[in-house]
Amino acid sequence: MAPSSLADVAVGDVAPVVHHRLTRTDLVRYAGASGDFNPMHHDELLATAAMQPSVFGHGMFSMGLVGTALTNYLGIGVLRSFSVRFVRQTWPGEELSTSIVVTAITGAGAERLVQLEVGLHSAEGEVKVAGQATAALPAPAG
Amino acid sequence: MDEAELQRFIGQEVGRTRVTVERSALANFATAVLDDSPIYRDLTVAQGAGFASIPAPPTFPFVMGHWGAFAEQQPEGAPGPGLGMVLGPLLADGGLILHGEQHFTYERALVAGEVVDLVGHVKDLYVKQSKGATMTFVVVETRCTAAESGELIGTSTSNVLVRK
């Protein structure tokens, strides 16, 4: 259940992790939904000809998966900012996991900002994307 | 092109598109980022959560220009020259395009049925040398505003690099 107000969030809190084993079907579905048909993400022959071990994931699929974990945790429509650096490529077969932790709560009044560190990593601990997000949540009543 | 030549792109408009936010594109995109929330699929649930209509997933603004950019809605003279104007000359003698960073800001929820304008500008452009490769970074900010009122809904800023 997403926290409904700041009363449910504290610095150091960790969001439920989204785990996913990446498949080629994920990449084809993301290509179709995003319009990004760079062949490095769906054409194994072209990817290997370009010296890649296989097709690899769209960076924005990685960010999208982190976005899903963020809205699962905080609710839809509360994000105020969301940024990532794309650190490493993702590969079919990899087990990807999101990581989201509350780092600060700022502001005063009816609405306060929750700052979060966000990321996605493989089972081996390789960081795929790393960044920050900010969300506005209502202050506790009273 | 050397760095001084590239500097002239800073501040240039690289795209202007009018987009109708379509409900099916939102649900389809939610599926693609493995989000099964009923808010993206059931209008009653979305309205019950306080939205005027189905809202967009957080990273949808990056792809929204691919959906609902109907030809008859485009402003006079559009589409703009596009990022190809900058990347074309950079890639003329080869190279690899990589997405380095992505940053979104949200002023309010973007929902199905809205008509919005996307206008992109080159915010920065710089060159770095790394491990014998030349990396040219292009930072483009796209502002999403309500077509009717001009109200800012959010921004999408991409740092794209060409490595060669």
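Two strands count as paired if DSSP finds at least two bridges between them. Strands and helices themselves are DSSP runs numbered from the N terminus, with E over at least two residues for a strand and H or I over at least four for a helix. With that in hand, the place to start is the seam between the chains, where S83(A) sits opposite H103(B) of β2(B). The model is a predicted one, in which local features need pLDDT of at least 70 and side-chain atom pairs count only at pLDDT 80 or more, while totals for chains, interfaces and linings use all residues. Residues are numbered from 1 along each chain as its sequence is written, and chains are lettered from A and ligands numbered from 1 in the order in which they are written.

Back at the seam, β2(A) and β2(B) (residues 96-106) run antiparallel and are joined by five bridges. R85(A) has E101(B) as its bridge partner in β2(B). E101(B) also turns up on the next pairing, where its bridge partner in β5(B) is N159(B). That pairing, β2(B) with β5(B), is antiparallel and has ten bridges.

Put together, the strands make an open sheet of ten, in the order β1(A)-β3(A)-β4(A)-β5(A)-β2(A)-β2(B)-β5(B)-β4(B)-β3(B)-β1(B), with antiparallel pairing. The edges are β1 (19-21) of chain A and β1 (13-20) of chain B; each has a single partner strand, so one side of each is left without a neighbour in the sheet. On average, neighbouring strands are turned by 20° against each other, direction ignored (axes are lines fitted to C-alpha atoms, for helices over the stretch in contact, and angles run from 0 to 180 degrees between N-to-C directions). As a general matter, strands of a sheet pair through backbone hydrogen bonds, either parallel or antiparallel.

Within the chain A part of the sheet, β4 (residues 111-122) and β5 (residues 127-138) run antiparallel, held in register by eleven bridges. L116(A) stands opposite A133(A) of β5(A). Helix α3(A) packs on the sheet, touching β1, β2, β3 (95-106), β4 and β5 of chain A as well as β2 of chain B, and its direction makes about 55° with that of β3(A). On the chain B part, helix α4 (residues 84-91) packs on the sheet and touches β1, β2, β3 (115-130), β4 (133-146) and β5 (152-163) of chain B; here the direction of α4(B) makes about 5° with that of β5(B).The outer strands of chain B pair as well. β1(B) and β3(B) are antiparallel over seven bridges, with V19(B) opposite V116(B) in β3(B). β3(B) and β4(B) are antiparallel over 14 bridges, and V119(B) has R143(B) as its bridge partner in β4(B). The hairpin of β3(B) and β4(B) has two residues between the strands, and K131(B) takes a positive phi near 50° there.

The interface goes beyond the strands. In total, 26 residues of chain A are in contact with 26 residues of chain B, contact being scored when C-beta atoms, placed from the backbone, lie within 7 Å. On the side of chain A that touches chain B, α1 (24-34), α3 (59-74) and β2 (79-86) each supply at least two residues. The largest share, ten residues, comes from α3(A). By class, this side of chain A has twelve nonpolar, eleven polar and three charged residues (Ala, Val, Leu, Ile, Met, Phe, Trp, Tyr, Cys and Pro count as nonpolar, Asp, Glu, Lys and Arg as charged, and the others, Gly among them, as polar).

A helix pair also spans the two chains. The axes of α1(A) and α2(B) (residues 23-32) come within 9 Å and cross at roughly 155°. The two helices are therefore roughly antiparallel to each other, on a scale where angles under 35 degrees count as roughly parallel, over 145 as roughly antiparallel, 65 to 115 as roughly perpendicular and the rest as oblique. Contributing to the contact are R29(A), Y30(A), A33(A) and S34(A) from α1(A), along with N28(B), F29(B) and A32(B) from α2(B). Those residues divide into four nonpolar, two polar and one charged.

As for chain A on its own, three helices and five strands follow one another as β-α-α-α-β-β-β-β from the N terminus on. The C-alpha trace of chain A spans about 60 × 30 × 25 Å along its principal axes. Of its 142 residues, 37% count as buried, a label that takes 20 or more other C-beta atoms within 10 Å of a residue's own, against 12 or fewer for exposed and anything in between for partly exposed, with C-beta atoms placed from the backbone. N38(A), in the loop between α1 and α2 (44-49) of chain A, counts as partly exposed, with 14 C-beta neighbours inside 10 Å.

Key: Two residues are in contact if their C-beta atoms, placed from the backbone, lie within 7 Å.
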